[in-house]
There are 2 protein chains.
Amino acid sequence: MSLANSVLEGDRLALSRLLTQIENDTDIGRQALNELFPHTGKAHLIGVTGAPGTGKSSLVNQLALYYRQASAGGTPPRVAIVAVDPSSPFTGGAVLGDRIRMADLLSDPGVFIRSMASRGSLGGLAAATASMVQTLDAAGYATIMIETVGAGQAEVEIAKLAHTTLVVEAPGLGDDVQAIKAGILEIADILVLNKADRPGIEAAERALHGMLKLGHPVRRTFRHHGQAVEAPDTDIEIAGAGEWIPPILRTVASAGQGILELAAAIGEHKAFLQAGGEWQRRERARLESELELLLKSSMIDRWREATPPDRYEQTVEKLLARQLSPRQAVAALLNGVMPK
Amino acid sequence: MSLANSVLEGDRLALSRLLTQIENDTDIGRQALNELFPHTGKAHLIGVTGAPGTGKSSLVNQLALYYRQASAGGTPPRVAIVAVDPSSPFTGGAVLGDRIRMADLLSDPGVFIRSMASRGSLGGLAAATASMVQTLDAAGYATIMIETVGAGQAEVEIAKLAHTTLVVEAPGLGDDVQAIKAGILEIADILVLNKADRPGIEAAERALHGMLKLGHPVRRTFRHHGQAVEAPDTDIEIAGAGEWIPPILRTVASAGQGILELAAAIGEHKAFLQAGGEWQRRERARLESELELLLKSSMIDRWREATPPDRYEQTVEKLLARQLSPRQAVAALLNGVMPK
């Protein structure tokens with residue numbers, strides 16, 4: 001039986017093996033992805049991002065536990081967690097996070113956890129994450145949480161892979177000016193103020209409200225057909241009637257506080273996307289974003305194949321001698337390989 | 001007179017204008033870069049990175065002040081600061097940093113400060129930063145500090161543009177596991193523990209030593225011909241004889257403490273690179289890294305030119321209908337444009 005078929009039949013070991021093939025971008029992995037792709041599109045993809053120290057991992061753990069325990073009577077939905085660490089390009093830094101995963105999750109056969117550290121380029125990382133998420137989707141995981149450690153451009157790239165994006169903040173993380181990023185807030189569908197039992201929570205919440213009130217356009221705005229979620233501020237300028245207003249929710253993940261309300265807000269957002277036909281629009285944006293990532297890496301691969309190493313070396317020598325500028329060197333390397 | 005010539009003659013206004021052209025990637029900017037490139041290669045490029053809240057901006061300000069005041073008698077070297085904020089892709093978050101620049105620097109005609117926020121892709125940001133640094137190099141700025149806000153993959157990309165990379169840490173920034181990143185440490189030529197008057201400094205320094213002792217290979221190792229810099233730990237495994245050992249230095253940038261020692265370590269590193277012929281090797285790595293960034297963005301541009309929009313749309317529709325996998329869609333879009 002092919003690896004893809006074993007994965008479709010629920011074989012966890014085959015799933016682990018395939019994810020390794022995909023992470024290493026092997027031919028076996030690529031072939032299996034082509035086979036699995038028609039089976040994707042069922043999972044709810046939840047991105048969870050925020051600065052270091054906000055307690056994202058605990059929050060993700062608690063949400064996973066909640067999803068596994070909350071289904072009254074019936075079979076609980078299967079949950080996958082993909083933890084991505086873009087700031088550890090050289091060593092498997094994400095592995096550290098595994099050690100603090102709760103035993104309850106690790107022993108649950110309905111939960112699948114996978115960490116990956118960045119290998120090579122950022123674009124490569126986001127593309128590999130997209131492929132891993134597709135595999136988990138095809139394997140029948142109904143809820144897939146994509147947790148990114150950090151708060152930079154990498155997280156924005158990865159957030160584009162999700163239907164619902166949670167941005168996690170916490171009080172007392174260094175300078176207010178730097179810790180709370182307008183750019184990151186703009187990708188949020190739900191804002192989580194974790195460690196809400198700590199001093200400074202009121203100031204942090206005021207700061208978040210302040211950032212939202214600056215009136216940055218929300219990345220995606222949606223017609224609102226579902227039940228209203230609690231608005232962060234009733235006079236907020238960007239919140240016209242019928243738009244999704246990112247709620248601000250307080251949690252203490254370490255004590256399991258606020259998880260029920262957070263899960264409710266996530267469900268609310270999913271219903272909202274589906275009711276307004278925005279689920280499809282976001283699917284398109286997600287897949288186009290992935291297509292773009294793959295296009296870039298494929299172009300590099302094809303260019304490498306088409307360019308003799310000595311031609312590359314000679315061009316670099318001319319660059320070092322300042323006989324060619326970088327842009328002139330690029331023209332020299334691409335002409336004949338791609339149309340101008 | 002061309003913009004490039006005005007810049008070479010020291011016209012600050014022309015420099016500002018050209019940097020804007022470069023940031024917007026205009027034809028005027030590209031042409032000027034080609035003209036200026038033969039005049040580059042003189043500046044010492046210093047990358048400064050680290051997590052939010054570590055006080056990087058204050059440190060950079062203090063170093064700039066030091067360089068401007070330290071030259072006994074003669075003309076002090078001109079200093080440029082490029083502050084890059086990769087985590088603000090949507091709004092000009094980096095502008096916030098400008099407000100806290102010291103008046104002493106802003107009024108000094110020998111200091112040039114430029115902020116840039118991310119626009120579009122990460123690769124585009126790093127490429128634009130490289131071009132701006134080249135322009136400042138050609139314009140005669142002897143020391144160029146490239147300050148990045150954040151601690152992710154973006155910083156690693158940008159660090160590749162520098163000769164000497166400072167990684168800044170500070171005590172008490174959230175969870176130890178997350179705040180101190182092995183991946184970031186590995187790009188450090190010099191480790192700075194700023195805010196050294198705060199509680200937790202001993203623990204932070206021990207943690208740094210611990211990370212270094214894990215024996216991660218240092219990204220670049222160098223024959224050691226210069227005077228030894230203070231070693232962080234004498235029994236450190238990676239520190240064979242004749243290699244550069246990243247020193248750990250304590251500073252309190254807000255009070256100007258430790259700046260003299262830091263500037264000395266930076267000078268030491270520069271001398272070390274030059275004495276061992278490693279300056280040239282790093283120049284090559286820097287320029288190859290920039291060439292790669294430009295290659296990627298040029299390939300995208302050429303592909304866009306060569307691909308009719310409706311062909312792209314049709315492929316996306318097939319992707320959405322799950323008739324093509326992402327990789328099959330890429331093959332459909334690239335075949336005929338690039339050799340396979």
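## Close-up views of a strand and a helix

**View 1. Strand β1 (residues 44-50) of chain B lies parallel to β5(B), and 5 bridges link the two.** The coordinates here come from a predicted model. To find your way along this pairing, look for I46(B), which sits opposite T164(B) of β5(B).

**View 2. Strand β6 (residues 190-193) of chain B also runs parallel to β5(B), joined to it by 4 bridges.** A handy landmark is L166(B), whose bridge partner in β6(B) is I190(B).

**View 3. Strand β5 (residues 164-169) of chain B is mostly covered, with 6 of its 6 residues buried.** Which residues lie on each side of β5(B)? T164(B), L166(B) and V168(B) are on one side, T165(B), V167(B) and E169(B) are on the other, and all are buried, so both faces are covered. In a regular strand, side chains alternate between the two faces of the sheet.

**View 4. Helix α2 (residues 12-23) of chain A has the length one would expect.** Its 12 residues should span 16 Å at 1.5 Å a residue, and the C-alpha atoms at its ends are indeed 16 Å apart.

**View 5. Helix α2(A) has a buried side.** The buried residues of α2(A) are A14(A), L15(A), L18(A), L19(A), Q21(A) and I22(A). Why do they fall on the same side of α2(A)? Because they cover an arc of only 160° around the axis. Residues three or four places apart in an α-helix point the same way, since there are 3.6 residues a turn. R12(A) and L13(A), on the other side of α2(A), are exposed.

**View 6. D25(A), just after α2(A), takes a positive phi of about 55°.**

Technical notes: Residues are numbered from 1 along each chain as its sequence is written. Chains are lettered from A and ligands numbered from 1 in the order in which they are written. This is a predicted model: local features need pLDDT of at least 70, side-chain atom pairs count only at pLDDT 80 or more; totals for chains, interfaces and linings use all residues. The expected span of a helix is 1.5 Å times one less than its number of residues. A residue is buried if 20 or more other C-beta atoms lie within 10 Å of its own, exposed if 12 or fewer, and partly exposed in between; C-beta atoms are placed from the backbone. The arc is that of the directions from the helix axis to the C-beta atoms. Two strands pair if DSSP finds at least two bridges between them.
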